[in-house]
Amino acid sequence: MTRRILVGIKRVVDYNVRIRVRPDGTGVITDGVKLSINPFDEIALEEALRIKERGAADEVVVTTVGSADCQQQLRTALAMGADRALLVQADRTIEPLVAARALLKLVERELPMLVLLGKQAIDDDNSQTGQMLAALWNRPQATFASRLELLDGKARVTREIDAGLETLEVDLPAVVTADLRLNEPRYVKLPDIMKAKKKPLETLTLSSLSLDERQRLKLVKFEPPAQRQKGIRVKDTAELVDALRRKGLV
Amino acid sequence: MSVQVLIVAEHDGANLNPSTAKSITCARAIPGSEITVAVFAADATAIASQAAQLAGVSRVLKVEKPANERALAEVLAPQVVAVAGPYSHVFGPSTTFGKDLMPRVAALLDTAQISDIMAVESPTRFRRPIYAGNAIVTVEVDGDSKIVGTVRTASFEAAPKTGSATIESAALDVELPNRTRFVSVSAAKTNRPDLQTAARVVSGGRALGSANGFEILYSLADKFGAAVGASRAAVDAGYAPNELQVGQTGKIIAPELYIAIGISGAIQHLTGIKDARTIVAINKDAEAPIFEVADIGLVGDLFQIVPQLEELLAGGSAAR
């Protein structure tokens with residue numbers, strides 16, 4: 001097994017941007033808004049870098065499937081410390097299943113011992129790609145990781161599940177998806193940004209990977225969510241209790 | 001013609017999780033649906049009989065194997081695929097159980113997944129939230145492949161216990177991998193109602209200041225039988241355990257009453273509570289975004305208000 005970690009990232013609308021649906025319902029407004037590495041993917045990358053820094057991996061390769069503009073986010077990932085980057089260029093938005101197929105092709109080429117991704121992208125909130133890759137690759141998965149420990153040929157992963165914290169042991173290679181509390185990603189320093197410009201960034205096209213690119217889902221229309229009715233303000237605790245009583249809630 | 005729907009039951013080895021009854025209600029919204037619930041367990045007897053009582057279920061399928069003692073996606077997915085043959089739709093709940101398992105199932109079935117279904121428009125058309133609930137997208141499935149979905153449980157009521165489905169056993173001849181092994185689970189033992197199904201939730205944010213500060217919430221919650229929740233900030237700060245987190249990356253809940261105490265109301269938090277019937281916000285910052293969604297807002301010091309509230313709810317004298 002190699003001592004390589006492959007990290008999948010996605011370029012998304014920054015989490016601080018207030019999302020607005022286009023008036024014609026064809027999507028959300030993304031013109032002129034800030035785009036960033038999906039926060040969960042940034043955590044996945046940080047974890048890969050820490051594994052390498054403590055000597056448990058030799059190389060961190062970062063990849064994304066998306067437009068040519070994604071080079072920006074890959075450069076940021078290189079500045080954080082990834083060794084090299086692979087851009088699978090696609091000229092349209094792709095579904096998680098197609099992303100997983102593309103990642104599988106890269107896995108077959110790079111033979112990583114571990115693939116790290118965020119547990120979900122904060123744009124489509126699908127939470128699918130890691131699990132789908134694990135299925136297509138026929139390898140174990142550990143999703144929603146808040147702790148990751150590499151042992152001899154195995155990983156011990158603590159997962160944030162609804163009931164609490166679950167610990168699994170998976171044989172490597174495996175796919176692990178990062179939850180929020182796995183780590184806190186580092187800030188990129190200016191000299192690292194300069195250094196990152198010299199690191200290798202290879203571009204492939206999705207079509208060159210010759211995989212099934214069929215999209216199965218049609219996004220028919222986008223709408224803003226229903227708004228809640230404006231509420232009331234009460235002036236003290238007694239008024240609050242009165243208001244709750246009137247609603248029959250206490 | 002009927003639409004055959006398979007629902008993968010969520011359980012803890014002894015009892016059916018309420019997320020299953022909610023997934024059934026979603027499946028019932030598909031015109032002409034005929035519903036089978038599959039229970040993968042080491043011993044499925046009790047769980048299967050609970051599932052058989054849920055209205056709208058025509059058949060419960062038990063798949064009993066020692067390897068199914070724990071819900072491991074790598075072990076369960078090939079079994080779901082092995083029983084999925086006759087069904088056009090395969091659904092699971094959008095809980096950490098379903099989110100972990102169902103995409104693996106979808107990929108093995110060579111199909112896409114629709115995550116977090118909040119409404120059914122037709123057998124092939126569904127609505128789901130994106131961008132932390134700041135947009136709703138209508139999705140149409142193209143072609144005739146199976147439809148795999150996870151159900152946003154906060155959008156559906158639980159199916160009532162008025163059914164009497166038949167229970168069958170399926171012996172699957174599937175080779176199961178042993179590359180994923182359960183080690184342990186740590187969950188706080190609590191007598192409080194379950195956060196995901198509670199009618200009332202008292203939830204706290206970073207303003208509580210410490211794990212100790214959170215104690216006043218537990219006390220208030222116990223006074224009127226509420227579950228306790230927390231914002232991401234409070235969990236990150238170590239004031240509350242992760243399983244209490246409410247929001248985009250925590251639990252999405254729909255209680256009758258949600259009392260947000262010292263929670264500013266980041267959009268990621270609001271997406272977890274927007275289906276609550278009544279939202280009460282208590283915060284010292286009058287400009288906090290939580291007040292934009294609150295039905296009843298009270299600006300003030302939570303450390304004064306919460307004990308007053310507890311006293312008044314207990315029927316004590318007004319603590320003005």
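Two residues are taken to be in contact if their C-beta atoms, placed from the backbone, lie within 7 Å. On that basis, in this predicted model, 71 residues of chain B are in contact with 61 residues of chain A.

**The interface between the chains**

On the side of chain B that touches chain A, helix α4 (residues 96-108) of chain B is the element that gives the most, with eight residues. That side of chain B comprises 35 nonpolar, 19 polar and 17 charged residues.

Strand pairing also links the chains. Strand β12 (residues 217-223) of chain A pairs with strand β8 (residues 135-141) of chain B in the antiparallel sense, over six bridges. Within this pairing, A:Lys218 has B:Glu140 of β8(B) as its bridge partner. A further link is parallel: three bridges join β13(A) to strand β16 (residues 296-299) of chain B, where A:Val234 stands opposite B:Leu298.

**Chain A as a whole**

Chain A contains six helices and 13 strands. Its C-alpha atoms fill a box of roughly 65 × 45 × 40 Å along the principal axes. Of the 250 residues in chain A, 48% are buried. Among contacts in chain A between residues at least 6 apart in sequence, 69% join residues at least 24 apart.

**Strands β6, β7 and β8 of chain B**

Strand β7 (residues 125-130) of chain B is largely enclosed by the rest of the structure, because five of its six residues are buried. Strand β6 (residues 119-122) of chain B runs antiparallel to β7(B), and a hairpin of two residues joins them. β7(B) also runs antiparallel to β8(B). In the hairpin of β7(B) and β8(B), four residues lie between the strands, and B:Tyr131 takes a positive phi near 45°. The table sets out these two pairings.

| Strand pair | Sense and bridges | Partners |
|---|---|---|
| β6(B) and β7(B) | antiparallel, three bridges | B:Val120 and B:Phe126 |
| β7(B) and β8(B) | antiparallel, six bridges | B:Pro129 and B:Ile136 |

Strand β8(B) thus has a place in two of the pairings described, with β7(B) and with β12 of chain A.

**The sheet built from both chains**

An open sheet of six strands follows the order β13(A)-β16(B)-β15(B)-β14(B)-β12(B)-β13(B), with parallel pairing. Its edge strands, each pairing on one side only, are β13 (232-234) of chain A and β13 (227-230) of chain B. From one strand to the next, the twist averages 20°. Helix α6 (residues 237-246) of chain A lies across β13 of chain A together with β15 (278-283) and β16 of chain B, and runs at about 135° to β13(A).

**Nonpolar cores**

The largest nonpolar core has 133 residues, and those with the most contacts inside it are A:Val7 and B:Val39. Helix α3 (residues 96-110) of chain A gives the most to this core, with nine residues. Apart from the largest core lies another, of 53 residues, among them B:Ala221, B:Ala226, B:Ala234 and B:Leu309.

Leaving aside neighbours within four places in sequence, B:Val39 is in contact with B:Ala9, B:His11, B:Ala44, B:Ile47, B:Ala48, B:Ala51, B:Val60, B:Leu61, B:Lys62 and B:Val63.

How values were computed:
Residues are numbered from 1 along each chain as its sequence is written. Chains are lettered from A and ligands numbered from 1 in the order in which they are written. This is a predicted model: local features need pLDDT of at least 70, side-chain atom pairs count only at pLDDT 80 or more; totals for chains, interfaces and linings use all residues. Ala, Val, Leu, Ile, Met, Phe, Trp, Tyr, Cys and Pro count as nonpolar, Asp, Glu, Lys and Arg as charged, and the others, Gly among them, as polar. Two strands pair if DSSP finds at least two bridges between them. A nonpolar core is a set of buried Ala, Val, Leu, Ile, Met, Phe, Trp, Tyr and Cys residues joined through C-beta atoms within 7 Å. A residue is buried if 20 or more other C-beta atoms lie within 10 Å of its own, exposed if 12 or fewer, and partly exposed in between; C-beta atoms are placed from the backbone. Axes are lines fitted to C-alpha atoms, for helices over the stretch in contact, and angles run from 0 to 180 degrees between N-to-C directions.
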